[in-house]
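Thanks for making the time, everyone. I would like to walk through one model with you, going region by region, so please have it open as I talk.

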Amino acid sequence: MSKEPITLPTVENEIQVRFSDTDAMGHISSGSYAAFAEVGRAAFFKAMPEPREAIPWFVLVHLGLDFVSEGRFGQDFTLSTRVVRMSSKTLTFEQIVRADGEVACKLEVVLVAFDAKTRKSIEVPSHWQIEDAS
């Protein structure tokens, strides 16, 4: 039985930055950006328009970070999360962290659909579709 197509959501989050997210030079550390991205992906899956039991588990297989500008403690941070590519088994996310409205870090994250029992990759639901990535 075929399901109605669903368009994967784009999610925006405000990020609470803690002093412990900074490094010795006073800017946001690279590991903190990876942790911020996890918050965005959790919000993405929570925003999915279908029941949790219909959403497969996913595991991270690629994490790429491009640092565009410095982010510092005390700035307002936001995170945008969206899927820009999808294959039969993977979702590729674009995640953008902004500090006071300026791009601080761009992340590319690839997740593979995963069966926790068999420990093998599985198909992404065929009725999922992505927004136009342009």
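**Two loop residues, a core and a pocket**

Let me begin with Asp 100, which has a relative accessible area of 47% and is therefore partly exposed. Please keep in mind throughout that what we are looking at is a predicted model. Asp 100 sits in the loop that joins strand 5 to strand 6, and its phi is near 50 degrees, which is a positive value in a residue other than glycine.

A second residue of this kind is Arg 119, where phi is near 60 degrees, again positive and again in a residue other than glycine. Arg 119 belongs to the loop between strand 6 and strand 7, the latter being residues 120-121, and because its relative accessibility is 57%, with the cut-off for exposed set at over 50%, Arg 119 counts as exposed.

Now, if you move to the loop between strand 2 (11-15) and helix 1, you will find Thr 22. Is Thr 22 buried or exposed? Its relative accessible area is 16%, and since buried means under 20%, Thr 22 is buried. A polar atom of the Thr 22 side chain lies 2.6 Å from the backbone oxygen of Phe 19, and, once neighbours within four places in sequence are left aside, Thr 22 is in contact with His 27, Ile 28, Ser 29 and Phe 73.

Turning to the interior, the largest nonpolar core has 29 residues, and those with the most contacts inside it are Tyr 33, Phe 77, Leu 91 and Trp 128. Strand 2, helix 1, strand 4 (77-86), strand 5 (90-99) and strand 6 (102-115) each supply at least two residues of this core, with strand 6 giving the most, namely six residues. As general background, nonpolar side chains in soluble globular proteins tend to be buried together. Looking at Trp 128 individually, and not counting residues up to four places away in sequence, we find that its partners include Ile 6, Leu 8, Met 48, Glu 50 and Leu 91.

Pro 56 and Phe 58 are also touched by Trp 128, and both of these residues appear in the lining of the largest pocket, which holds about 230 Å³ of space. Helix 1 (30-46) and strand 3 (57-67) each supply at least two residues of that lining. By class, the lining has eight nonpolar residues, no polar ones and three charged ones, the charged residues being Glu 38, Arg 41 and Arg 52.

How values were computed
Residues are numbered from 1 along each chain as its sequence is written. This is a predicted model: local features need pLDDT of at least 70, side-chain atom pairs count only at pLDDT 80 or more; totals for chains, interfaces and linings use all residues. Side-chain values use heavy atoms; hydrogens and water are left out. On a 1 Å grid over the protein atoms alone, a cavity is a set of points where a 1.4 Å probe fits but cannot get out, and a pocket is an open set with protein on both sides within 12 Å along at least five of seven lines; lining residues have an atom within 4 Å of a point. Grid points are joined across faces, edges and corners, and a volume is the space filled by probe spheres set on the points. Helices (H or I, at least four residues) and strands (E, at least two) are DSSP runs, numbered from the N terminus. Buried means under 20% relative accessible area, exposed over 50%, partly exposed in between (1.4 Å probe, protein chains only). A polar contact is a pair of N or O atoms within 3.5 Å; within protein, one must be able to donate a hydrogen and the other to accept it, and residues adjacent in sequence count only if both atoms are side-chain atoms. Contact means heavy atoms within 4.5 Å. A nonpolar core is a set of buried Ala, Val, Leu, Ile, Met, Phe, Trp, Tyr and Cys residues joined through side-chain atoms within 4.5 Å.
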